[in-house]
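Please open the model in your viewer and keep the sequence panel beside it, since each stop on this tour begins with something to select.

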Amino acid sequence: MLHYMRISSVSMMTLTCLVISPFALAEEIQLIGIGELSGSAADLSGQTDVLENGVPHNRVGGISAMEYTGQGNSFIALPDRGPDDGAVAYHCRFHTVEIEVDPATSTVTPKLTKTTFLTNEMGHRFPGAAIAYSATDSFGSRLDPEGVRLSANGNMFLSDEYGPHLFEFSLDGKQVREFEIPQRYLIKTPGVTKADENGANSWGRSCNRGMEGLALSPNGKFLYGIMQSPLLQDSARDELGKPYGLNCRILKVDVATGDNSEYLYKLDDQNNKLNEIMAINDHEFLVIERDGLPGEGAQFKKIMKIDLTEASEIQHLNKLPATKLPQKIRPVKKEVYIDMLAPCFGLAGANMPEKLESLTFGQTLSDGSRTLFVVSDNDFAADATTKFYVFKIGCAPRLSK
């Protein structure tokens, strides 16, 4: 019997914000409640060993992506590369979670039901360790899962931050396909730490700032991978050599052919990061843009709504300015959809997590409204819970299924 689930509620009265968009009608967004999984909970992998840092190998945590299965209350929860930022030999996996939502009592109840390891085509488990690369292959066998979406054929698409790479896996956890990524995203000289990789490369993704989010178009034809930060060649460097910039790329990939195109997302602040992208329809998406500050220090935790309709394609540009927009290039249009720090939700304060990393539409409520889940990443910390914020969307966007 599992004893690690905790239930939180925002009160018996649902908290409501009215979102007024310049591009659409006003929309009511209600916070139903918050569910939590304990940071010290054990998963269902059956592992009993302890990692190099003393953390149990079966600890639940590090949830970097969520996806609704479309069946009842069932969700896929995807952890990243493990505790300590890739310093341990963690075996990559995903979980199946049942999440019951009761608007009448403002309760959200998550329950872990299954854990599945991610394996390559030979059946070998993917390690999350940063050191698992070869001198001639910056990816090697290492995997840092950050985005997941389910396909119409019952498989799942997964984005990796190390490469970055895009994969297709079966639901038994086995790799069945890899998509080709443009060379401009890839580094030439791998390393274990941010200082090593960023210092040795001037091209490709910034270390630990790879393909952080993944969306699938409603018709299932296109994947959209969003980079957490600008590529190294699209960045400037501060006095310590740390890359910074505003212009992040969104990579669109044709699922059938592998053909790709790109768009530009401009951050509100160079200290912000992008953590997720999810399709509303064939041209509108929700994106998490946030700062790296927890608790009372948090200043920017927003779900942005973006539109690609008038955005320029930028795949012909191997290099972008760090902060200014290139001439004649139109970024994606964006607006605030949910401000997680808005007073009307009552979420700001000591309990606000640093990392809001997952977005998925969930089950339909009895009145026909949709649910939207925003999920935190606790970095496998035993004293920090994984939080499931559940919203009721007044004008329900169409599911990306």
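A residue is called buried here when its relative accessible area is under 20%, and by that cut-off F167, with a relative accessible area of 1%, is buried. The model you are looking at is predicted, and the values along the way are computed from it.

**Stop one: aromatic pairs**

Keep F167 selected and add F126, which is likewise buried, with a relative accessible area of 5%. The ring centres of F126 and F167 are 6.3 Å apart and their planes stand at 45 degrees, so the pair is classed as tilted. F126 belongs to the loop between strand 7 (107–117) and strand 8 (145–150), while F167 is in strand 10 (residues 165–169), and the pair thus links distant parts of the chain, 41 residues apart.

In the structure there are nine aromatic pairs, and another of them to display is Y90 with F380, an edge-to-face pair with 5.4 Å from centre to centre and 70 degrees between the planes. Y90 sits in the loop between strand 5 (74–79) and strand 6 (93–102), and F380 in the loop between strand 23 (370–376) and strand 24 (386–393), so this pair ties together parts that are 290 residues apart in sequence. Y90 counts as buried at 1% relative accessibility, and F380 counts as buried at 3%. Then select Y68, F75 and F373 together, which ring pairs link into a cluster.

**Stop two: charges over rings**

Show the side chains of R125 and F117, where R125 lies over the face of F117 at 3.7 Å from the ring centre. Next, show K252 and F222: the charged end of K252 sits over the ring of F222, 4.2 Å from the centre of that ring.

**Stop three: strand 16 and its partners**

K252 leads to strand 16 (residues 247–254), in which eight of the eight residues are buried, so the strand is largely enclosed by the rest of the structure. In a regular strand, side chains alternate between the two faces of the sheet. Colour N247, R249, L251 and V253 for one side of strand 16 and C248, I250, K252 and D254 for the other, and you will have marked two faces that are both covered, with all of these residues buried.

Which strands pair with strand 16? Strand 13 (residues 222–227) pairs with strand 16 in the antiparallel sense over five bridges, and strand 17 (residues 260–266) pairs with strand 16, also in the antiparallel sense, over seven bridges. K252 is a useful marker for both pairings, since Y224 stands opposite K252 and S261 in strand 17 is the bridge partner of K252. Follow the chain from strand 16 into strand 17 and you trace a hairpin with five residues between the two strands, where G258 in the turn has a positive phi of about 85 degrees.

**Stop four: an internal cavity**

Rolling a probe the size of a water molecule over the atoms shows where empty space is left. A search of the whole structure finds one cavity of 30 Å³ or more, and the largest cavity holds about 30 Å³ of space. To find the place, select L37, V60, I63, A77, H95, V97, L112 and F388, which line the largest cavity. By class, this lining has seven nonpolar residues, one polar residue and no charged residues.

**Stop five: backbone details in the loops**

Most residues other than glycine have a negative phi, and most peptide bonds are trans. Where does P164 lie? P164 is in the loop between strand 9 (156–160) and strand 10, and the peptide bond from G163 to P164 is cis, with omega near 0 degrees.

Two residues other than glycine with positive phi values come next. D84, in the loop between strand 5 and strand 6, has a phi near 65 degrees and counts as partly exposed at 46% relative accessibility. S106, in the loop between strand 6 and strand 7, has a phi near 55 degrees and counts as buried at 0% relative accessibility.

Finish at Y185, in the loop between strand 11 (175–179) and helix 1 (194–200), which counts as buried at 0% relative accessibility. With G204 selected as well, the C-alpha atoms of Y185 and G204 are separated by 4.2 Å, although the two residues are 19 residues apart along the chain.

Terms used:
Residues are numbered from 1 along each chain as its sequence is written. This is a predicted model: local features need pLDDT of at least 70, side-chain atom pairs count only at pLDDT 80 or more; totals for chains, interfaces and linings use all residues. Side-chain values use heavy atoms; hydrogens and water are left out. Rings of Phe, Tyr and Trp (its six-membered ring) pair if their centres lie within 6.5 Å; planes under 30 degrees apart count as stacked, over 60 as edge-to-face and the rest as tilted. Helices (H or I, at least four residues) and strands (E, at least two) are DSSP runs, numbered from the N terminus. Buried means under 20% relative accessible area, exposed over 50%, partly exposed in between (1.4 Å probe, protein chains only). A charge sits over a ring if NZ of Lys or CZ of Arg is within 6 Å of the ring centre and within 35 degrees of the ring normal. Two strands pair if DSSP finds at least two bridges between them. On a 1 Å grid over the protein atoms alone, a cavity is a set of points where a 1.4 Å probe fits but cannot get out, and a pocket is an open set with protein on both sides within 12 Å along at least five of seven lines; lining residues have an atom within 4 Å of a point. Grid points are joined across faces, edges and corners, and a volume is the space filled by probe spheres set on the points. Ala, Val, Leu, Ile, Met, Phe, Trp, Tyr, Cys and Pro count as nonpolar, Asp, Glu, Lys and Arg as charged, and the others, Gly among them, as polar.
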